[in-house]
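User: I would like to go through this structure and ask, term by term, what stands behind each label. Please set each value against its definition.

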Amino acid sequence: MEDGGLCQLNSKRVSENDRRLHRRVSYDGGRTWTRRAKILIGGKSIGEWGGKGFMSLYSPMRRLSDGSIAMSSSIHRPGRNGSWKRKHYRCQSCFLLSDDEGKSFKRPVVIDRDKFDSNECDFAE
């Protein structure tokens with residue numbers, strides 16, 4: 001982080017349709033950490049993205065040249081008849097941007113709105 005701290009994000013599944021994202025910061029090399037703080041993405045909790053689905057994070061946070069923080073993620077939605085079987089559910093790759101050191105993120109930017117079953121992508125500047 002710009003202030004010298006280490007930032008850790010944690011995604012927690014509270015129930016099937018309730019997932020939460022928290023942020024903790026350490027200013028002493030990881031020996032102690034701040035209390036968890038809830039992070040919102042586009043004003044919503046991580047569990048509210050995807051309708052009956054969910055969002056998952058899968059890349060480390062990266063600082064971009066403009067000072068913002070970016071991270072890859074994917075939105076998972078049930079497939080036909082609400083099925084979560086691997087061959088049925090759908091996911092879309094997206095990325096998240098933060099202008100406040102990861103305290104919140106803007107709405108997810110879906111990389112290809114017409115393509116499903118794509119996840120675990122990465123990006124470079």
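Analyst: A starting point is arginine 35, which is exposed with a relative accessible area of 76%. This is a predicted model, in which local features need pLDDT of at least 70 and side-chain atom pairs count only at pLDDT 80 or more, while totals for chains, interfaces and linings use all residues. Residues are numbered from 1 along each chain as its sequence is written, and side-chain values use heavy atoms, with hydrogens and water left out.

User: Why is arginine 35 called exposed?

Analyst: Exposed means over 50% relative accessible area, buried under 20%, and partly exposed in between, with a 1.4 Å probe and protein chains only; arginine 35 has 76%, and therefore counts as exposed. Arginine 35 sits in the loop between β2 (18-26) and β3 (37-38), where strands are DSSP runs of E with at least two residues and helices are runs of H or I with at least four, numbered from the N terminus. Leaving aside residues up to four places away in sequence, arginine 35 touches Arg23 and Arg24, a contact being heavy atoms within 4.5 Å.

User: What makes glutamate 101 and arginine 63 a salt bridge?

Analyst: The term requires a side-chain nitrogen of Lys or Arg within 4 Å of a carboxyl oxygen of Asp or Glu, and the N to O distance for this pair is 2.9 Å. The two partners are 38 residues apart, glutamate 101 in the loop between β8 and β9 and arginine 63 in strand β6 (residues 62-63). Glutamate 101 has a relative accessible area of 17% and so is buried, whereas arginine 63, at 34%, counts as partly exposed.

User: Which other side chains meet in a salt bridge?

Analyst: The structure holds 2 salt bridges, and aspartate 99 and lysine 106 also meet in one, at 2.8 Å, N to O. Aspartate 99 is exposed because its relative accessible area is 57%, while lysine 106, at 44%, is partly exposed.

User: Which residues make up the largest nonpolar core?

Analyst: This core has 12 residues in all, among them Leu9, Ile41, Met55, Met71, Leu96 and Phe105. Strands β7 (69-77) and β8 (90-98) each supply at least two of its residues. The label asks for buried Ala, Val, Leu, Ile, Met, Phe, Trp, Tyr and Cys residues joined through side-chain atoms within 4.5 Å. Leucine 96 touches residues including Ile41, Met55, Met71 and Phe105.
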